[in-house]
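Student: Please take me through one helix pair in close detail. I would like the geometry first, then the residues that make the contact.

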Amino acid sequence: MSEKVIGFLKRNYLLIIAYLIPIIIIAVSFKTYYSEYYSPKQYQEYEKQCELTKNEEICSNKELLKQANDKFIKTDAKSHYFEVTYHYIINYITILAPLIVILQTISKLHCEFSSGFIKNTLTRMSYKDYLKKIYLTSLKSALILPAIIIVTLLISTLMARFNFKTPDWVYDMSVYNVINYKYFFYCIISSCLIVYLLGIFYSNIAISFLNKSKNILLVTVFSYLSYFAYVVFFNIVNAILSNILPNNNLRVYLNIYDYWRIYGENNYLYFIAISLMLAIISWFIIKVIYRNKERTIINVEKENI
């Protein structure tokens, strides 16, 4: 392996990990979904055993599996998307989404703080422009979350051979609200916007810790743990609202883990509004932390932790 490749890996290992995590999540989710719902090899085995043994149970299993395989082939892209996202991807992404964004943000910005390079940068650009650069990094890092939704939809579309016509039996068996099917692309666009705004919130959490330590691992850990502190805070608020306003639907929108799995009866606008509020508040916190150029440089020159 050449020195250039090794140097690239050393400089960008956090970014590589940030990209590998969603790739692995999507790949494992689709592989598991495919193997559980579509088993042509198993069907062929049952078919072979049925012909040889004429065993009633084996032949019955063969017919049931054939019906399941036929349904899978006729399943539309919407159903594939909801199945994979709500039953598989969500098991990992609700916990790892903040880490994915945090790793990207730290990979792009921490070196400038830890090495003191920010002081040289500020000789070539105004502090205001540098803060704009930080904000832009936050916006870019958050793009990976809606990208996960889009890639999942694309793969689902290919699996369904571009079939978006939902069979009637799906509505009878599906756990999802019909509204999500009826307004599917509105659902996708809203979901992308919601997780993008949450991604900005996650990224800004990482940015708020950049000047706290030169140790990149500590900054990553503190940022990730802070996210869970916010989750605990929202759960406390949720519990208080449940006691004070037991019939108030607002508490439904305060569970951040549910932002990847929104049912049709819930109002997407509330989820968007709360996600936007979190993004704006986190931007305001960054503005307060980095309000003073001299203080920022002083914090960079000394290692707090």
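Tutor: What follows covers the packing of one helix pair, then two single residues elsewhere. The model is predicted.

Two packed helices are described by the angle between their axes and the distance between the axes. Take helix α4, residues 77-114, and helix α6, residues 127-141. Their axes lie 8 Å apart. The packing angle is about 155°. Angles over 145 degrees count as roughly antiparallel, so α4 and α6 are roughly antiparallel to each other. The crossing of α4 and α6 is right-handed.

Now the contact itself. From α4 come V101, Q104, T105, K108, L109, E112 and F113. From α6 come Y130, K133, I134, T137, K140 and S141. By class, this contact of α4 with α6 has five nonpolar residues, four polar and four charged.

Next, K119. This residue sits in helix α5, residues 117-121. K119 has a relative accessible area of 34%. The partly exposed range runs from 20% to 50%, so K119 is partly exposed. K119 touches I297 and E301, leaving aside residues up to four places away in sequence. I297 is 178 residues from K119 along the chain, yet their C-alpha atoms are separated by 6.8 Å.

Last, N180. Its place is in helix α9, residues 178-182. The relative accessible area of N180 is 1%. Buried means under 20%, so N180 is buried. The N180 side chain makes a polar contact with the side chain of Y268, at 3.3 Å.

Notes. Residues numbered from 1 in each chain as written. Predicted model: local features only at pLDDT ≥ 70, side-chain atom pairs only at ≥ 80, totals over all residues. Heavy atoms only, no water. Helix = DSSP H or I, 4+ residues; strand = E, 2+ residues; numbered from the N terminus. Buried < 20%, exposed > 50% of the residue type's maximum accessible area, 1.4 Å probe, protein only. Polar contact = N/O pair within 3.5 Å; in protein donor to acceptor, adjacent residues only side chain to side chain. Axes fitted to C-alpha atoms, helices over the stretch in contact; angles between N-to-C directions. Parallel < 35°, antiparallel > 145°, perpendicular 65-115°, else oblique. Left-handed = near helix turned anticlockwise from the far one by under 90°. Contact = heavy atoms within 4.5 Å. Nonpolar A, V, L, I, M, F, W, Y, C, P; charged D, E, K, R; others polar.
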